[in-house]
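This report introduces a protein chain and the ligand that accompanies it. Please consult the sequence and the structure shown here before reading on.

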Amino acid sequence: MLVNSIDVLEAASRQHYAVGHFNINNLETIQAIMAAATAKRSPVILAVSKSAAKYGGLANLVALVRLASEKADIPVILNLDHGPDFALAKDCIDAGFTNVMIDTSKYPYEENVRLTREVVAYAHPRGVTVEAEIGALAGTEDNISVEEKDARYTKLEEAVSFARDTQIDSLAIAIGTAHGVYKAAPQLDFDRLSAIHQAIPDVPLVLHGSSGVPADDLREAIRRGIAKINIDTDLRQAFLAAVQQKMAAEPDSVDIRAILGAGRDAIQRTVESKIDIFGSANQA
Ligand code: G3H
Ligand code: ZN
């Protein structure tokens, strides 16, 4: 069933596991993630970015997710990922999303608060929950000094006032992860995470850029308060490697179902292994 994030992330926070957010683009990605979450009896978050909405068509993706989640006996959240503005957040809410992320973290603090509050004011009366972000994620090649960390990562005082002033339902924080493929292993600022969690224990914290982060680091992040973990690149890599392998093994094949199906199976395996790391199996 489709639900908003309140009960799902509250339970995750309370019981020290995290719910996986997995990006979707098309039929195969939806099928793979839903099959994995259903097999593991795990709550799951299916996420659509602005570019995925453009590629798949917002209404198409909503219809596919709605059908799939009606059949599945697990909580499913349909989430807008990194919504850049009110207009897209509104379109997603009107189309049937159950959670939206408004990401105006590139703006100065006051502007970020103002833009986030606008989305919360539209979302909450409609039963839709909101995630927002404060701080700037690292780059995949960054070797960040202590001074740079303090300048770019989420500041404790800002996280506290941002959560209070916006009334968001979950908060994405910057503690050293980056979007995409890491050139060097990321160094997560666990003390910063613990301090933020202790200051706002009722606000579920979100870790973006989690592909390529070692499993032990993800477990430690969960132990210290992360309740939602975003994965995209790992799924893309799994899909493309399997498709390439299939095409190399059967160069004369014109069976697109077999070729894309290999990619779909690879995503399913990847999501199942993430669910095991996150500890969300059997929590549906
Ligand atoms: O919002 C999406 C995520 O932060 C995904 O990041 O592609 O590095 O896994 P990733
Ligand atoms: Zn992200």
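The following paragraphs treat the chain as a whole and then the surroundings of its ligand.

The model is predicted. Its chain contains twelve helices and eight strands. Computed along the principal axes, the wording being purely geometric, the C-alpha trace spans about 60 × 40 × 35 Å. A compact globule of 284 residues would have a radius of gyration near 19 Å, and the chain, with 18 Å, agrees with this expectation.Ligand 1 sits in the largest pocket. Its shell is formed by 15 residues, of which Asp81, His179, Gly209, Ser211 and Thr233 are the closest. Sorted by class, the shell around ligand 1 holds two nonpolar, eleven polar and two charged residues. Three strands, β1 (19-23), β3 (76-83) and β8 (226-231), each contribute at least two residues to this shell.

Several polar contacts link oxygen atoms of ligand 1 to the protein, as the table sets out.

| Residue | Part of the residue in contact | Distance to an oxygen atom of ligand 1 |
|---|---|---|
| Asp81 | side-chain N or O atom | 2.8 Å |
| Gly180 | backbone N or O atom | 3.0 Å |
| Asp232 | polar backbone atom | 2.9 Å |

The protein also covers the ligand: taken alone, ligand 1 exposes 310 Å², and 96% of that is buried by the protein. Asp81 thus appears in two of these descriptions, being among the closest residues to ligand 1 and offering a side-chain N or O atom at 2.8 Å from a ligand oxygen atom.

Key. Residues numbered from 1 in each chain as written. Chains lettered and ligands numbered in written order. Predicted model: local features only at pLDDT ≥ 70, side-chain atom pairs only at ≥ 80, totals over all residues. Heavy atoms only, no water. Near = heavy atom within 4 Å. Polar contact = N/O pair within 3.5 Å; in protein donor to acceptor, adjacent residues only side chain to side chain. Areas by Shrake-Rupley, 256 points an atom, 1.4 Å probe, with all protein chains shown as cover. 1 Å grid on protein atoms, 1.4 Å probe; cavity = no way out; pocket = protein on both sides within 12 Å on 5 of 7 lines; lining within 4 Å. Sits in = over half its atoms within 2 Å of the grid points. Helix = DSSP H or I, 4+ residues; strand = E, 2+ residues; numbered from the N terminus. Nonpolar A, V, L, I, M, F, W, Y, C, P; charged D, E, K, R; others polar. Rg over C-alpha atoms; globule rule 2.2 N^0.38 Å.
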